[in-house]
Amino acid sequence: MQDEETRGETGVNEGAEPANDPASEHAAPNDDARDGATEASVSNSGDVAVIDPEASAIEQLVGFDALRGEVAEFVGWFESQMLTVDIAIQGVILFAAVLPAAIFGPQLRKFIQSQIAPRAPYGVLRRGASAFAHLATPIALFVILQLAVLALKTAGFSSALIAAGVSLLTAWIVIRLVTLVIRSPFWSKVAFYVAWPIAALDAFGVLDDVVIQLQAFSVPIGEDASGNAQRFSALDVIRTVFIFGLLFWAASFGGNFIKGRINAIDELTVSFKALLAKILDVLLPVIALIAALQIVGFPFGTLAIFGGAVGLGIGLGMQRTVSNFFAGFTLIADKSIKPGDVIEVGNTYGWVTDMSARYVSVRTRDGTAHLVPNDIFINEGVTNWSHSDRVVRLHAPFGVSYGTKELRGLARRVEEIALDVERVLKTPTPRCNLMEFGDNSINFDLRFWINDPANGSANVRSDVLMAIWDLLEEMNIEVPFPQRDLHIRSAPEGFAMTLENRDGESLSQRREGAAAAE
């Protein structure tokens, strides 16, 4: 009876041995519950695992058993895939290829430096030849490894390890070539961030998978004439950017070459040369972009409506930029200003050094370059000191006191003294005109000519005024200052005044002196 009651209270399976100890009666249900929880967790996870009841809680938490399984799986893969005869042969070839590359690399460098580099013209081609000479040994190693890959494939052996090395070596050579030839930090960074990821993906054999994913990620851009849906994938975008970068660089190189040839033609005017250069700067990048889109197969017919909307948005949002763009063509076409002209626009005085698509570069006398937008010349006007003739007239006004007697003689002496200034032209001769009888002085204006306004006008005017000042001092002619007559109608009581003459003598002292003299 006691056994049946105990069995009924504890709920253990038949065949289990009953426990008479009350503590055991209470412990048995806890153990059974714990076993049930363990079985439930194993069944829910779906893993067939044996939990060691003697394992510590830390081992169960970290999962050392699973980690040991992963390590064992990796070791098995490494032994089966890397510790093979094919990998050993490829490793030996990789190390052995360094020796012939070290032998033939210096020979290739000497050949390039002696036979190819001297014949290359200066510029990009000369830098390219020097870069290939600098990288002769890595290039020789690249050629040897490529021959090794071809030989292994012909013999039926695997060449995956050597192909991975070739990919990484190719990326390094490309980056070094871009750095040595273009010498641009921007393009060096672009080559680094483009070449190395591609080489790493190719070395690990996942480049094809990435390309497939990029092709799958696409957006619809419309339908063609047959009603077929047209899509543009992420791979097409990357290809377009890459091809456009190459074509843009080629267009820049070709544009600089053509502009150099145009500038060498003496029969063309400066303004016409600038116009041709501006047309090339605009036309060549547009051709490069259209050619890049055409190469990747971009359907231009789908952009009929979308292109019109984008063009309208750009026209409204970039109205000032478009205005500057067309104003630049207008300035060059009508020859109002051209490189080398001495101009004055607003408070800026200097000579034109460059005319770009958006602005005109004006170099001032203090050495700063002012970038003036093209539309300012159209809307606000400009003073061109050398538009049709570089000979310009300057003015040097001055005044003398009314006590001066020989005004004609003074004018002749001023004209003669102006000729002694270095930059003043003798023909046309300087002319000193009496302009007016002013309130405080007799005003003259000396007019003289120079033919080098690019060297400044304020400095030569200063030299002429200095010469006039020395002449007036020599002739004892006074340069008057403004004078005013003060009439006092009334004064407060107790207000005292002291009048003095030019010699500092007061009026009362002068009267006393006159009385004493009498």
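Trainee: Why does Asp236 count as buried?

Mentor: Asp236 has a relative accessibility of 15%. Buried means under 20% relative accessible area (exposed is over 50%, partly exposed in between; 1.4 Å probe, protein chains only), so at 15% Asp236 counts as buried. Keep in mind that this is a predicted model, where local features need pLDDT of at least 70 and side-chain atom pairs count only at pLDDT 80 or more, while totals for chains, interfaces and linings use all residues. Residues are numbered from 1 along each chain as its sequence is written, and side-chain values use heavy atoms, with hydrogens and water left out.

Trainee: What makes Arg239 and Asp236 a salt bridge?

Mentor: Their closest N and O atoms are 3.7 Å apart. A salt bridge is a side-chain nitrogen of Lys or Arg within 4 Å of a carboxyl oxygen of Asp or Glu, so 3.7 Å qualifies Arg239 and Asp236. Both sit in helix H12 (residues 234-263), 3 residues apart, which means they are separated by about one helical turn. The helix label comes from DSSP runs (H or I, at least four residues; strands are E, at least two), numbered from the N terminus. Arg239, at 34% relative accessibility, is partly exposed.

Trainee: How do you know that Lys259 and Asp281 meet in a salt bridge?

Mentor: Their N to O distance is 3.0 Å, and that passes the cut-off, so the name fits. This pair links distant parts of the chain: Lys259 is in helix H12 and Asp281 in helix H13 (residues 270-295), 22 residues apart. Asp281 is partly exposed, at 44% relative accessibility.

Trainee: How many salt bridges does the structure hold?

Mentor: There are 6. One of them joins Asp445 and Arg447, at 3.1 Å from N to O, and Asp445 is buried at 7% relative accessibility.

Trainee: Why are H6 and H7 called roughly antiparallel?

Mentor: Helix H6 (residues 98-116) and helix H7 (residues 124-134) pack at about 160 degrees, with axes 8 Å apart. Roughly antiparallel means over 145 degrees (under 35 is roughly parallel, 65 to 115 roughly perpendicular, the rest oblique), so H6 and H7 are roughly antiparallel. Among the residues making the contact (heavy atoms within 4.5 Å) are Ile112 and Ile116 of H6 and Phe132 of H7.

Trainee: What makes H17 and H18 oblique?

Mentor: Their axes come within 10 Å and cross at roughly 140 degrees. That angle falls in none of the named ranges, so H17 and H18 are oblique to each other. Leu410, Arg413, Val414 and Ile417 in H17 meet residues of H18 that include Ala467, Ile468 and Leu471.

Trainee: Which residues touch the most other members of the largest nonpolar core?

Mentor: Phe398, Val400, Val414, Leu446, Phe448, Val464 and Ile468 do, in a core of 26 residues. Strand E8 (392-400), helix H17 (407-418), strand E10 (442-450) and helix H18 (458-474) each supply at least two of its residues. Another core lies apart from it, with 18 residues, including Leu141 and Leu177. Such a core is a set of buried Ala, Val, Leu, Ile, Met, Phe, Trp, Tyr and Cys residues joined through side-chain atoms within 4.5 Å.

Trainee: What is Val464 in contact with, leaving aside its neighbours within four places in sequence?

Mentor: Val464 is in contact with Ala396, Val421, Val424, Leu446 and Phe448.

Trainee: How much of the protein chain do buried residues make up?

Mentor: Buried residues are 27% of the 518 residues, in a chain with 19 helices and 10 strands.

Definitions and conventions
Axes fitted to C-alpha atoms, helices over the stretch in contact; angles between N-to-C directions.
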